[in-house]
Amino acid sequence: MQLRPALTAGTLVLAMAVIFIFSGTGVDAHNITKILAKHPEFSSFNHYLTLTHLASEINQRTTITVCAVDNAAMGDILSKHPNIYTVKNILSIHVLLDYFGAKKLHQITNGTALAATMFQATGSAPGSTGFVNITDLHGGKVGFAPEDNNGAFAAHFVKSVEEIPYNISVIQISGVLPSAAAAAPTPAPAEINITGIMSAHGCKAFSDALLANDAMEIYEDALAGGLTLFCPLDDAFKAFLPKFKNLTKSGKNSLLEYHGVPVYQSMSMLKSNNGLMNTLATDGASKFDFTVQNDGEQVTLKTKLVTAKITGTLIDEQPVVIYTIDKVLMPKELFKHEKAETPAPAPAPEKAADAPKSSKKKGKKAAPSPDDDADADAPAPDDDDVADQTADDNGAVRFDGNRFSFFALIATAWLGFSVL
């Protein structure tokens, strides 16, 4: 038979393709915040990567090297009291747009290399000042120097912190890379009138509520460090006004603050960072958080009581982004007696024409059990309990946040054995 070899080869190709698809979707992107969180000596460096939004930019890139400095070195930067935008430029020059693991650092071609940095990629670096010179020195040392440092090596390689070849390398260097261009005072972006933007684009009711309450001060304080605002459209907020007016003054402020997140979150960041998100109302004792979820292009914000959809973007100019949503976000902390939204029931399946009729005779209606009312009034399980499930009734299995059909896995195994 001549067909068997061709069938085997085809089966092998198909099996390899299926295995590749399933294995590829289970790979998680790197997270610089989590990597550095395991090393307390870099806590200040890690904190400012998050505060300047560099962490999210690092997580979105592949083939990258982060030159971390310890808390003492960060103290040298902060002692000069630079604004947050200057700190971002200084840290940007510590992020190399290439992969340099410990082994590669000691095997640099011709002993020296010039690496572009994230500071260079911003377009703010004049000339070649956004490049870093890396040189394999005598005695096993590796020196680092910005291009505008007159060739003097201000820092040396200390150790490898974590490497994921050839995706991300996190290394420690002995000190801050001194760059006059990066350390130059950076003006803050022009002030953004968030209430004016909301009022002009269908969110006047929410804007008026902000201006009439103390929450506006919290929003203004958050602007410099980063702000993501979810603004209910006028129809949604006007329908909610009776409940809003019944809140205490502190309750009104908490609800308004609940619609703001104290970091910049672009749409792509929201889609890649699904999960619980703290808000301006979060104070530790009271959670005041919600869950971000996305299904394809649609992003939703889910509290214990409502699920709101993001319907548009009013402004996206880092460090501020304002989205419109179709419902007011209701925190459980303020509305403990409210019932959660009930999803629309699925249509009942039509009865088959030839379905056998029940052979049971009609009898007297049974008296209701004392437990029936209790069951009817029992609260639905928390969303967190549902989210923790790892398998559903259809046989779908969750691996690292991705669902696969159980039967697809069986098919993959069968294809593999058929090759043998």
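The expected span of a helix is taken here as 1.5 Å times one less than its number of residues, where helices (H or I, at least four residues) and strands (E, at least two) are DSSP runs numbered from the N terminus. This is a predicted model, in which local features need pLDDT of at least 70 and side-chain atom pairs count only at pLDDT 80 or more, while totals for chains, interfaces and linings use all residues. Residues are numbered from 1 along each chain as its sequence is written, and side-chain values use heavy atoms, with hydrogens and water left out.

Helix 13 is a good place to begin. At 1.5 Å a residue, its 12 residues should span 16 Å, and the end C-alpha atoms of helix 13 are indeed 16 Å apart, so the two values agree. Its buried residues (buried meaning under 20% relative accessible area, exposed over 50% and partly exposed in between, with a 1.4 Å probe and protein chains only) are D234, A236, F237, F240 and F244. These cover an arc of only 130 degrees around the axis, which puts them on the same side of helix 13; the arc is that of the directions from the helix axis to the C-beta atoms. An α-helix has 3.6 residues a turn, so residues three or four places apart point the same way. The buried residues of helix 13 pack against helix 11, strand 8 (227-232) and helix 14, contact meaning heavy atoms within 4.5 Å. On the face turned away from this buried side, helix 13 carries the exposed residues D235, K238, A239 and P242.

Helix 13 also takes part in a salt bridge, that is, a side-chain nitrogen of Lys or Arg within 4 Å of a carboxyl oxygen of Asp or Glu. Side chains of opposite charge can pair when their charged atoms come close. K243 forms such a bridge with E338, the closest N and O atoms being 3.5 Å apart. Because K243 lies in helix 13 and E338 in the loop between strand 14 (320-325) and helix 16 (370-377), the pair ties together parts that are 95 residues apart in sequence. K243 is partly exposed, at 34% relative accessibility, and E338 is partly exposed at 28%.

The structure holds 8 salt bridges, among them one between D214 and K249, at 3.8 Å from N to O. D214 lies in the loop between helix 11 and helix 12 and K249 in helix 14, so this pair ties together parts that are 35 residues apart in sequence. D214 is partly exposed, with a relative accessible area of 39%, whereas K249 is exposed, at 55%.
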